[in-house]
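Visitor: I am new to this structure. Could you walk me through it and tell me how each description is reached?

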Amino acid sequence: MAWVSSGTVTVTNGNATVTGAGTDWFGAMQNGWGFVGPDGRVYEILTVDSADTITLKAPYQGSTAAGQAYAVFPTGSHNLDLAAALQELLGNYQGFYNTVGQGRFTGDIVFDADRDTGMGNPSSNEVGLKAGDEWQLRLKGGKASGAAVQASLSDATEDKLMKVGAFGLGGVALIPPNNDLNDIGATTGLWRGGEAGIANSPPAGPVVVQHLVRSADAYVQIAVTRGHEAQQIFARHKTQTYGWSDWEKAIIVNSAGVTPDNIEIRNSGPYLNLTDADSGVKHTLSGNSTGGHLYAKIDPASNASNPKLLIEVQATRPLEIGKDDIKFNVPIGSYLGIGQAATSPVNALHIRGSSANDSRIRLQRDDIIGSVGIVSYDLLLEGRGSTGTDGGVSFYTGGTHAARITPDGTFRPGSDGVQNCGFPSYRWDVVYAATGTINTSDACTKTDIQDLDAAERRVAVVAKSLLKKYRIRDAVAEKGDAARWHFGIIAQELAAAFEAEGLDPWRYGVLCWDEWWSAMVEIPAETAPIMEEVEEEITHTVTVEEPVLDARGEPTGEVQQVEKEMVVLVKKQVETGELETLIEARTELQTFASAEEAPEGAEYHDRQGVRYDELFAFILAAI
């Protein structure tokens, strides 16, 4: 290995620290190498501290000096030190390696600060957890024991690990203390009842009782019969104040969702009342024997503030019926007619009336009202109850606010300075206005403000001479010689005047050039399937309970579940296979803003125009 001598060193007499300049010692040298100092002596390096600092084993004996040459050479001492250290390590840990290192322990595993707590091997094939020099949990042969485990199946000591079968849980129900279901106490579990000698059982045969604890002296008991008779459920509770209540029998349903006995209400005017015990609000489901009607009377006594009939299907509420409104929460599957159109609607929503009010849709949020309807022979759009420029009627297209009519009648765009009035191929004809247009000319909106240069002034002078009189071709075609004369400029001639001065005319806003494409487009007819109402028999399989009969045809007292088919007549709308034409097929002239949007073979159009307010300002600048 080569000697290290790059850079220079600073040494101090009587000091073991050597400082380097332009050195990179860390990682290039090792402890124990030799250092040849500026004084010519050889010193052993005790430590390599950094890239520019080492510590000698003995203080430097020469004179203090800086920027001195030096040399460092490797020695074999490092290998000997490493071998000695390794031999010492092997000797110290050989015994540990032969036992714990092989996964074998000769005694308990304990904590150094708490040596009577840990893990150990209480007996053969057993492992345990110890605390306070007592085995808290011992595991052997798939079973648990120890101080932390129940001593017996009825051991109610707090914080103990329960055994399978404790208090009847996970095992056989236990006989209650003193053969009395009242004496179980504050211990949750399963107990036997209804047998000879067990007091305070429910009025049934043998039962299994679940005892639930609410607090130290508040319990609930639920009893289920376990015989071959029809299943029954009983419940009772105990409080500190009132003691045990009487057993009460519950109405149960079987796996088919029915009670053991069918329930039928039969009389001349059958009804079923549903009453809320807290509020006293009562609802009635009743039948009319004369008309064959079924009535659902929601809070007929008017005790609730906002009663409703809520119809739910598979956890979805499609319909809410209140006293003053009906709310649909799902789409209506077919046409809906309101008013005179109720019996024969011809659209998805058809509202028909005979006056301005009964043929109008009213939309209201707080005191803001909007209406859509018919007035005289016109479609009515009305907004009331709002003030300011943000009120009135708003129009949205493509999710963008397009235009608004404010309450004072002002018609304005939905956004400032980004929308056009008209289109190159859809121009307004005559605009009637009491005053002229206002164009923004505020300095805050402009940049690069300059005077006209000489070439631009010459164009402006020429532009004045280009003013002519002319007639509009469409007007001449329609009115002949009666078509009137107009004054103005020809856009192409103005563009040529700019070009004559070496100026790009289309860099100036006084000129406009619009392009578009047009084509006749075939629009297919809009149709809808013609529907008809049909009746269809739907067969359902239901499970009912019937009595088991003996050989003589007499009931045995047992019941059996029997599957039967039930046929239900259902009305539904089906397609006839024919189509109703809503809008006939047609050919329509459509315009397109770009060649990419236009269909193949579309006709190209362009038109040049002039902004006369800018033109006149341009000409005036040169006068």
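Visitor: How do you know that strand 10 and strand 11 pair?

Guide: Two strands pair if there are at least two bridges between them. In this predicted model, five bridges join strand 10 (residues 127–131) to strand 11 (residues 134–140), so by the cut-off of at least two bridges they pair. The two strands run antiparallel, and Leu-129 stands opposite Leu-137 in strand 11.

Visitor: Which sheet do strand 10 and strand 11 belong to?

Guide: An open sheet of five strands, in the order 8-9-10-11-12, with antiparallel pairing.

Visitor: What makes strand 8 and strand 12 stand at the edges?

Guide: Strand 8 (109–111) and strand 12 (143–145) each have a single partner strand, so one side of each is left without a neighbour in the sheet. Neighbouring strands here are turned by 20 degrees against each other on average, direction ignored.

Visitor: Where is there an open sheet of three strands?

Guide: Strands 38, 35 and 39 form that sheet, in the order 38-35-39, and the pairing is antiparallel. Its edge strands are strand 38 (586–592) and strand 39 (603–610), as each pairs on one side only. On average, neighbouring strands of this sheet are turned by 25 degrees against each other, direction ignored.

Visitor: How do you know that strand 35 and strand 38 pair?

Guide: The cut-off is again at least two bridges. Seven bridges join strand 35 (residues 511–523) to strand 38, so the two antiparallel strands pair. Glu-522 stands opposite Thr-587 in strand 38. Helix 4 lies across strand 35 and strand 39, running at about 70 degrees to strand 39.

Visitor: How do you know that the span of helix 2 agrees with its number of residues?

Guide: Helix 2 has twelve residues (454–465), which should span 16 Å at 1.5 Å a residue. The end C-alpha atoms of helix 2 are 17 Å apart, which agrees.

Visitor: Which residues of helix 2 are called buried, and why are they said to be on the same side?

Guide: Ala-455, Glu-456, Val-459, Ala-460 and Ala-463 are buried, because buried means under 20% relative accessible area. They cover an arc of only 140 degrees around the axis, which puts them on the same side of helix 2. The buried residues of helix 2 pack against helix 4 (491–500) and helix 5 (612–621).

Visitor: What makes the approach of Asp-453 to Ala-455 a polar contact?

Guide: The cut-off for a pair of N or O atoms is within 3.5 Å. At the start of helix 2, a side-chain oxygen of Asp-453 reaches to within 3.3 Å of the backbone nitrogen of Ala-455, so this pair meets the distance cut-off.

Key
Residues numbered from 1 in each chain as written. Predicted model: local features only at pLDDT ≥ 70, side-chain atom pairs only at ≥ 80, totals over all residues. Heavy atoms only, no water. Helix = DSSP H or I, 4+ residues; strand = E, 2+ residues; numbered from the N terminus. Expected span 1.5 Å × (residues − 1). Buried < 20%, exposed > 50% of the residue type's maximum accessible area, 1.4 Å probe, protein only. Arc of directions from axis to C-beta. Contact = heavy atoms within 4.5 Å. Polar contact = N/O pair within 3.5 Å; in protein donor to acceptor, adjacent residues only side chain to side chain. Axes fitted to C-alpha atoms, helices over the stretch in contact; angles between N-to-C directions.
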